[in-house]
Amino acid sequence: MDGPISIPRKTPRQQRSQETYDAILEAAAQLFERLGYAGATTNKIAERAGVSIGSLYQYFPNKDALLYALGERHVRHLVGSLKAVFAEVSADDPPLEESVRRLVGALADLHLSEPRTHRLLYDQVPRPAATAVQLRSMQADMAAEVERQLSRLGVGGPDRVVTALLLVQAVEAQVHGAVLDPPPGRSAAEVVEAMVRLCLRMLG
């Protein structure tokens, strides 16, 4: 993906336009998941969405722009879902192992729902400066939430800020790597279990 980063042409302002935009984006997500980046042509995406190719190009100049928009949607969904999980864990006040299992499991599940699309987003999606800032902000917010959980549980060593950040970065990398692409003979569930055990050893 060399050259200028392709982004959506415009943001819909009317309900009907928003519905068209969302239908195109959902069709792209489905076809990227089923066919991969090369197989999901803009013509196939427009057909799947039930719109003309001209309508698709009103919003998205090419497939890279669709990937960019899917990446933004992924970040919004991830943030909202993880906030809900952190709130539930804080309210339930479970012990360490259950807390780790719920948090690691939630992050893994969010990516395993559409593994092929998430591989595309992680490996291929163009990341302009604004998106990079957004991702760093999301990571910092997650680390702050993890720090609060470490304080609640009384673990994490003398510098929980650093411990929380290292945990978030490690788990993110493991989810995008080994969970979405397990080693031969291992399942995603086995990798998630290994991640949980690794986190517990780090915190022990």
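**An internal cavity, a helix pair and a pocket**

The largest cavity holds about 290 Å³ of space. The model examined here is predicted. A search of the whole structure finds 1 cavity of 30 Å³ or more. Its lining comprises 18 residues. Those closest to the centre of the cavity are Leu103, Val104, Val146, Leu167 and Val171.

Several helices share in this lining. Two or more residues each come from helix H4 (63-92), helix H5 (96-112), helix H7 (129-153), helix H8 (160-179) and helix H9 (188-203). H5 gives the most, with 6 residues. The chemical character of the lining was then considered. Of the lining residues, 16 are nonpolar and 2 are polar. None is charged.

H4 and H5 were next examined as a pair. Two packed helices are described by the angle between their axes and the distance between the axes. The axes of H4 and H5 come within 10 Å. They cross at roughly 160 degrees. An angle over 145 degrees counts as roughly antiparallel, so H4 is roughly antiparallel to H5. The crossing of H4 past H5 is right-handed.

Both helices bring a set of residues to this contact. From H4 come His74, His77, Leu78, Ser81, Leu82, Val85, Phe86, Glu88, Val89 and Asp92. From H5 come Ser99, Arg102, Leu103, Ala106, Leu107, Leu110 and His111. By class, the contact has 9 nonpolar, 5 polar and 3 charged residues. Leu103 of H5 takes part in this contact, and Leu103 is also among the residues closest to the centre of the largest cavity.

A further space is open. The second largest pocket has a volume of about 190 Å³. Its lining consists of Ala29, Leu70, Arg73, His74, His77, Leu110, Ser113, Glu114, Thr117, His118 and Leu121. H4 and helix H6 (115-123) each supply at least two of these residues. H4 gives the most, with 4 residues. The lining divides into 4 nonpolar, 5 polar and 2 charged residues. Charged residues are thus present in the lining of this pocket, whereas the lining of the largest cavity has none.

The pocket also shares residues with the helix pair. His74 and His77 of H4 belong to the contact with H5, and both line the second largest pocket. Leu110 of H5 likewise belongs to the contact and to the pocket lining. H4 therefore recurs in each part of this account: H4 lines the largest cavity, packs roughly antiparallel to H5 and contributes to the second largest pocket.

Methods: Residues numbered from 1 in each chain as written. Predicted model: local features only at pLDDT ≥ 70, side-chain atom pairs only at ≥ 80, totals over all residues. Heavy atoms only, no water. 1 Å grid on protein atoms, 1.4 Å probe; cavity = no way out; pocket = protein on both sides within 12 Å on 5 of 7 lines; lining within 4 Å. Points joined across faces, edges and corners; volume = space filled by probe spheres on them. Nonpolar A, V, L, I, M, F, W, Y, C, P; charged D, E, K, R; others polar. Axes fitted to C-alpha atoms, helices over the stretch in contact; angles between N-to-C directions. Parallel < 35°, antiparallel > 145°, perpendicular 65-115°, else oblique. Left-handed = near helix turned anticlockwise from the far one by under 90°. Contact = heavy atoms within 4.5 Å.
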